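Colleague: Could you take me through one part of this model in detail? I would like a close look at a single helix and its surroundings, and then a few words on some residues elsewhere.

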Amino acid sequence: MRTLVCHAITVAALSASALADLPRYLLVELPPLGGTSSAGLDMNDSGLVIGISTRPGEFYEVATTWQLGSAAPLAAPQPRFVTGSGFSATSGNGVNAHGQLVGLSDELGIAAFLGTVNGVGVVPSMATLWGEAVRINDLGTVVGQFSGPLISGWRPFVVRNGSHIPLPTLGGLQGIARGISNTGHIVGESEPAIGLPVPTRWVNDQPVELPGLGGWGGAYAVNDSGVAVGFTSPVGSSPYSAVLWSASGQLMVLPKLDPTHWDHRAFDINAAGQIVGVSGGRAFLHENGRIIDLNTVTKFPDGTTAGPHRWILHNAFAITEGGKIVGDGSVDQQRRGFVLLPRCTADADANGLVDVSDLFRFLNDWFAGIADADIDLDGSIASADLFAFLNRWFARC
Ligand SMILES: [Ca+2]
Ligand SMILES: [Ca+2]
Ligand SMILES: [Ca+2]
């Protein structure tokens with residue numbers, strides 16, 4: 001008992017620095033289709049990721065999917081081609097819970113595409129239009145922007161129950177619908193009669209301006225409760241601030257990782273209110289009023305958790321309801337997509353699986369008084385941590 005108390009005191013003294021090293025996320029790399037560049041843009045809770053990557057010798061990215069495995073969760077999944085010529089712009093933008101994919105395809109004629117990993121085609125009601133589909137909700141409702149030979153500029157749309165519905169702007173010509181919740185909230189940006197595009201919410205398909213700081217702005221995503229996120233700048237086009245709009249439309253500016261930088265944007269929000277985005281060139285998570293640099297809470301494939309390593313996480317583009325994060329960063333200075341899987345605390349060896357080796361690893365840490373065994377994060381290692389660990393281990397978190 002005396003030994004245990006001694007351990008507890010030592011661990012308490014060490015814990016402030018040691019606990020910071022506990023990885024909260026495990027990184028999965030998204031390899032390109034043989035080229036040098038990839039990015040993950042959206043994913044669902046079944047581990048299907050959509051994004052873009054290059055093929056050998058091609059300059060433009062093509063739409064690409066990756067399916068994360070369950071047997072070896074941290075192994076880089078195989079990239080799978082969706083659509084795109086590689087000679088002009090194409091993007092795989094959104095995926096819903098049923099595996100429906102949307103995006104923009106140059107191969108289909110600058111068209112909004114819809115489909116699955118088994119094949120995609122032009123969004124049926126948009127066959128005569130140019131378009132880009134940005135997001136699809138779990139009901140199959142699609143949002144994005146469209147144009148055509150006889151239409152000036154790019155305009156926001158929603159495709160609901162198979163019908164293409166143009167969404168009005170706030171008086172100007174152009175706009176884009178970027179986010180749709182499963183409850184039908186739609187957000188994006190649109191031009192007023194005069195001036196730069198502003199953050200916009202469509203209520204019953206009619207545009208309502210979301211408050212900003214006076215300049216350019218846009219909303220990227222909205223959760224099922226109607227809470228939206230995006231960015232706004234003061235008069236002019238920069239610097240950007242990442243912001244949240246409450247369901248009633250109240251503006252809240254999020255904290256910044258590097259306030260001297262110009263680029264701070266919030267790209268997605270889930271039902272729990274977790275927000276992801278970019279702040280000063282670094283991928284962030286915002287929760288409970290606090291901003292976290294995801295670079296500091298991630299275990300990278302080379303085993304490091306922070307400090308000098310090959311990876312930098314630049315943009316967190318989406319977060320699932322289950323808390324999985326997808327985005328892009330750089331590895332050895334090439335653009336590379338990533339998924340961050342929340343680490344279960346029962347996964348003591350942080351390999352993405354909860355099994356018997358975690359039990360041995362935890363008991364080892366617990367008897368040795370290593371800070372990782374402080375499961376309840378109270379700064380000391382005691383029997384409560386053993387019970388807390390066993391609970392999570394049996395529940396597989
Ligand atoms: Ca999401
Ligand atoms: Ca494990
Ligand atoms: Ca403890």
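Modeller: Happy to; what follows starts with one helix and its partner and then turns to single residues in strands and loops. Please keep in mind that this is a predicted model.

Let us take helix α3, which covers residues 383–395. Its 13 residues reach 18 Å from the first C-alpha to the last, close to the 18 Å expected at 1.5 Å a residue. Which residues of α3 are buried? They are Asp385, Phe389 and Trp393. Viewed down the axis of α3, these buried residues fall within an arc of 65°, so they line one face of the helix. The general background is familiar: an α-helix has 3.6 residues a turn, so residues three or four places apart point the same way. On the other side of α3 you will find Ser383, Phe387, Phe394 and Ala395, which are exposed.

What covers the buried residues of α3? The cover includes α2, the helix of residues 356–368. Helices α2 and α3 pack at an angle of about 170°, and their axes are 11 Å apart. An angle over 145° counts as roughly antiparallel, which means that α2 is roughly antiparallel to α3. From α2, the residues that meet α3 are Asp358, Leu359, Phe362 and Trp366; from α3, Asp385, Leu386, Phe389 and Trp393 meet α2. Sorted by class, this contact of α2 with α3 has six nonpolar and two charged residues, with no polar ones. Asp385, Phe389 and Trp393 thus appear both among the buried residues of α3 and in the contact with α2.

Just after α3 comes Arg396, whose phi is positive, near 50°. As general background, most residues other than glycine have a negative phi. Two loop residues also have a positive phi. Asn161 has a phi near 50° without being a glycine, and its place is in the loop between β12 (151–160) and β13 (163–166). Asn161 counts as exposed because it has 9 C-beta neighbours inside 10 Å. Asp205, likewise not a glycine, has a phi of about 65° and sits in the loop between β16 (198–203) and β17 (206–209). With 13 other C-beta atoms within 10 Å, Asp205 is partly exposed.

Now for the strands. Ala63 belongs to strand β4, residues 62–67. Is Ala63 buried or exposed? It is buried, with 28 other C-beta atoms within 10 Å. Leaving aside neighbours within four places in sequence, the contacts of Ala63 include Ile52, Val82, Thr83 and Gly84, as well as Thr90, Ser91, Gly92, Gly103 and Ser105. Ala63 and Phe81 are 18 residues apart in sequence, and their C-alpha atoms are 6.4 Å apart in space.

The loop between β3 (48–53) and β4 holds Thr54. Thr54 counts as buried, since 22 C-beta neighbours lie inside 10 Å. Setting aside neighbours within four places in sequence, Thr54 is in contact with Pro32, Leu33, Gly35, Thr36, Ser37 and Glu61. Between Thr54 and Glu191 there are 33 Å in space, C-alpha to C-alpha, and the two are 137 residues apart in sequence.

Lastly, Thr304 is found in the loop between β26 (298–299) and β27 (311–319). Thr304 counts as partly exposed, with 15 C-beta neighbours inside 10 Å.

Notes: Residues are numbered from 1 along each chain as its sequence is written. Chains are lettered from A and ligands numbered from 1 in the order in which they are written. This is a predicted model: local features need pLDDT of at least 70, side-chain atom pairs count only at pLDDT 80 or more; totals for chains, interfaces and linings use all residues. Axes are lines fitted to C-alpha atoms, for helices over the stretch in contact, and angles run from 0 to 180 degrees between N-to-C directions. Helices (H or I, at least four residues) and strands (E, at least two) are DSSP runs, numbered from the N terminus. Angles under 35 degrees count as roughly parallel, over 145 as roughly antiparallel, 65 to 115 as roughly perpendicular and the rest as oblique. Two residues are in contact if their C-beta atoms, placed from the backbone, lie within 7 Å. Ala, Val, Leu, Ile, Met, Phe, Trp, Tyr, Cys and Pro count as nonpolar, Asp, Glu, Lys and Arg as charged, and the others, Gly among them, as polar. The expected span of a helix is 1.5 Å times one less than its number of residues. A residue is buried if 20 or more other C-beta atoms lie within 10 Å of its own, exposed if 12 or fewer, and partly exposed in between; C-beta atoms are placed from the backbone. The arc is that of the directions from the helix axis to the C-beta atoms.
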